[in-house]
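Colleague: I would like to learn how to read a model like this one step by step, beginning with single contacts and ending with whole sheets. Could you take my questions in turn and show the reasoning behind each reply?

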Amino acid sequence: MKQQRPAVITLELLAVLMIMGIANFLLATNDPGYFSLPFNPYFILALFATVLYGKYYGFFSLIVAIVFIVIPIPVYKYFYESYHITLSYWMKLGQKMVTPFTLTLVGVFIFGLIRDSLKTELDKTKYILGSITKEKNILQREVDALKQVNRELEKRVYSQEDSTIMLYSKIQELYSLNFQKGLELLLTIAQTYTGATVCSIWEHNQELRRLELRLNYGWDMDMERITRIAVEDSIEGWVLRNNMMFSVRMVMQYDNLARMDKGRNILTVPVTVGHKVWGVFNIEDIPFEKYNLYTEKYLLMIMALVSPALEKAMEYEAFSIQENVNLVTGFPPFSHFYIILEQELSRVKLEKGTLSVMIVELVNYEKLLHELSKDGVYSLFVIISERIKELSDSKAMFFHYKNDNQISFILPNLDYDGCSLFCLNILEMINKRTWELNKKTVLPEIIMGYTSLTEDKQSAEDLLAIAENLLEMQKI
């Protein structure tokens, strides 16, 4: 039963006493206090209040009742009926009141003691029952947790041999994949063996001193996510700098980790490629029964086993890219541009950000090729790209495009309107500037194709098709 507040109880008692007083005034003016009746309603109410609410409310009701008996009716008689009130009137009223008042006073005291004693015992019983209920709930949760852990241990024991063989075959598979596919397989392996429901792989960008998202599993694509994390003041950065595993329980032990914690790290381990820390693997969410020392050790073992395979894949990829990089410009080929564009698009979509792609085509390529040679034209591309970098505050990433007379670059955080204005600035810069190469003045004629990430055009293929179509329209 809901316990009433003292103010509410007091107002309720006053209301009942006022009703009794009004009834006494209207129906029995010659009998103030109902003393002619076999029982007195005022004093009965005092006893009732004592039993129900306690002795203090009983005393309060008794005192207010005496006030209602002694004052209202005599005052009315004196002023409106010209009734001369003498001392004998008060003495008679006192004689009528003394016995029921005394009995009621004793009753309030005795019943109050009994009621308070019973209430104290009842409160103790409620407290004991509440404590027992809480302890039972805690024990029930512990039992449920132990059952989950026991099922996990049984599953682990039954499947240990098969899972070890499967892990070995998966890691051997890494040796036959390129680096990107290797990372995808690593994410699958780690997610499978740890049971993580949300996890991600982050690559360390040494030049910008930040971690950039490479792959993720379980992310809600409708939510805005960060895809770049500073190396300083972050759990991921701490793992990277110290080449150590982070577990969420460490937040309770170390104040520096508690200050950096943003609630997105359950387990975070470094990803090493050979002897170098390449990035980090982060688990954001994991079932309760999976978060244990066994999972931590298993995760560290997986990272140690995949490290040599990832090193081989990275060496092959680096050699392949380096082999195809233009010796004069230093720009990677179109194939690498396409891979980087897809990665950037994935990150920008998660951030709900913007990105633009631009293609620069040298229209008088054949003429310049005759005047400067192929290496000379490539050197001109280098000079032009340096001026474009200045315009973009060094944010543009340059690549060769499909044809020898084309280069392309990616600009993050630029929407379609900004991209159009940026292209106009480039064309103005090309046309107004005097270009010299090997002490010769050259006149480059360029056209530009550009596009930006939109809601309906989100794939790399769609974006490049739009930019190429714009180039073709300018040639007509």
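Colleague: Over the face of which residue does arginine 433 lie, and at what distance from the ring centre?

Modeller: Please keep in mind that this is a predicted model. A charge counts as sitting over a ring if CZ of Arg is within 6 Å of the ring centre and within 35 degrees of the ring normal. Arginine 433 fits this description, since the ring beneath it belongs to tryptophan 435, and the distance from the ring centre is 5.5 Å.

Colleague: Which ring does the charged end of arginine 225 sit over?

Modeller: Here again the partner is an aromatic side chain, and the charged end of arginine 225 is 4.6 Å from the centre of the ring. The residue that carries this ring is tryptophan 219.

Colleague: What kind of aromatic pair do phenylalanine 334 and tyrosine 401 form?

Modeller: The structure holds 14 aromatic pairs. In the pair of phenylalanine 334 and tyrosine 401, the centres are 5.1 Å apart and the planes make an angle of 90 degrees. Planes over 60 degrees apart fall into one class, and the name of this pair is therefore edge-to-face.

Colleague: How many residues apart along the chain are the two members of that pair?

Modeller: Phenylalanine 334 belongs to helix α10, residues 334–351, whereas tyrosine 401 lies in the loop between β8 (397–400) and β9 (406–412). The pair thus links distant parts of the chain, and the separation is 67 residues.

Colleague: Is phenylalanine 334 buried or partly exposed?

Modeller: A residue is called buried under 20% relative accessible area and exposed over 50%, with partly exposed in between. Its pair partner, tyrosine 401, has a relative accessible area of 5% and is therefore buried. Phenylalanine 334 stands at 22% relative accessibility, so the word for it is partly exposed.

Colleague: Why is the pair of phenylalanine 337 and phenylalanine 399 called tilted?

Modeller: Planes under 30 degrees apart count as stacked and those over 60 as edge-to-face, while the rest are tilted. The ring centres of phenylalanine 337 and phenylalanine 399 are 5.2 Å apart, and the pair is tilted because the angle between their planes is 55 degrees.

Colleague: Which residues do ring pairs link into a cluster?

Modeller: Phenylalanine 337 and phenylalanine 399 are both buried. These two residues take part in a cluster linked by ring pairs, whose members are Phe334, Phe337, Tyr338, Phe399 and Tyr401.

Colleague: What is the bridge partner of phenylalanine 399 in β9?

Modeller: Strands β8 and β9 run antiparallel and are joined by 4 bridges. A hairpin connects the two strands through 5 residues. Across from phenylalanine 399, the bridge partner in β9 is serine 408.

Colleague: Which strands stand at the edges of the sheet that contains β8 and β9?

Modeller: This is an open sheet of 4 strands with antiparallel pairing, in the order β8-β9-β7-β12. An edge strand has a single partner strand, so one side of it is left without a neighbour in the sheet, and the strands in that position are β8 and β12 (446–452).

Colleague: At about what angle to β8 does helix α12 run?

Modeller: Within the sheet, β7 (residues 355–362) and β9 pair in the antiparallel sense over 7 bridges. Helix α12, residues 374–391, lies across β7, β8 and β9, and its angle to β8 is about 160 degrees.

Colleague: In what order do the strands of the open sheet of 6 strands come?

Modeller: The pairing in this sheet is antiparallel. One of the pairs is formed by β5 (residues 267–273) and β6 (residues 276–285), which are held over 7 bridges. Helix α6 lies across β1, β2, β5 and β6. The full order of the strands is β3-β2-β1-β6-β5-β4.

Colleague: What should helix α6 span, and how far apart are its end C-alpha atoms?

Modeller: Helix α6 covers residues 179–194 and is mostly covered, as 12 of its 16 residues are buried. The expected span is 1.5 Å times one less than the number of residues. For the 16 residues of α6 this gives 22 Å, which agrees with the distance between its end C-alpha atoms, 22 Å.

Definitions and conventions. Residues are numbered from 1 along each chain as its sequence is written. This is a predicted model: local features need pLDDT of at least 70, side-chain atom pairs count only at pLDDT 80 or more; totals for chains, interfaces and linings use all residues. Side-chain values use heavy atoms; hydrogens and water are left out. Buried means under 20% relative accessible area, exposed over 50%, partly exposed in between (1.4 Å probe, protein chains only). Rings of Phe, Tyr and Trp (its six-membered ring) pair if their centres lie within 6.5 Å; planes under 30 degrees apart count as stacked, over 60 as edge-to-face and the rest as tilted. Two strands pair if DSSP finds at least two bridges between them. Contact means heavy atoms within 4.5 Å. Axes are lines fitted to C-alpha atoms, for helices over the stretch in contact, and angles run from 0 to 180 degrees between N-to-C directions.
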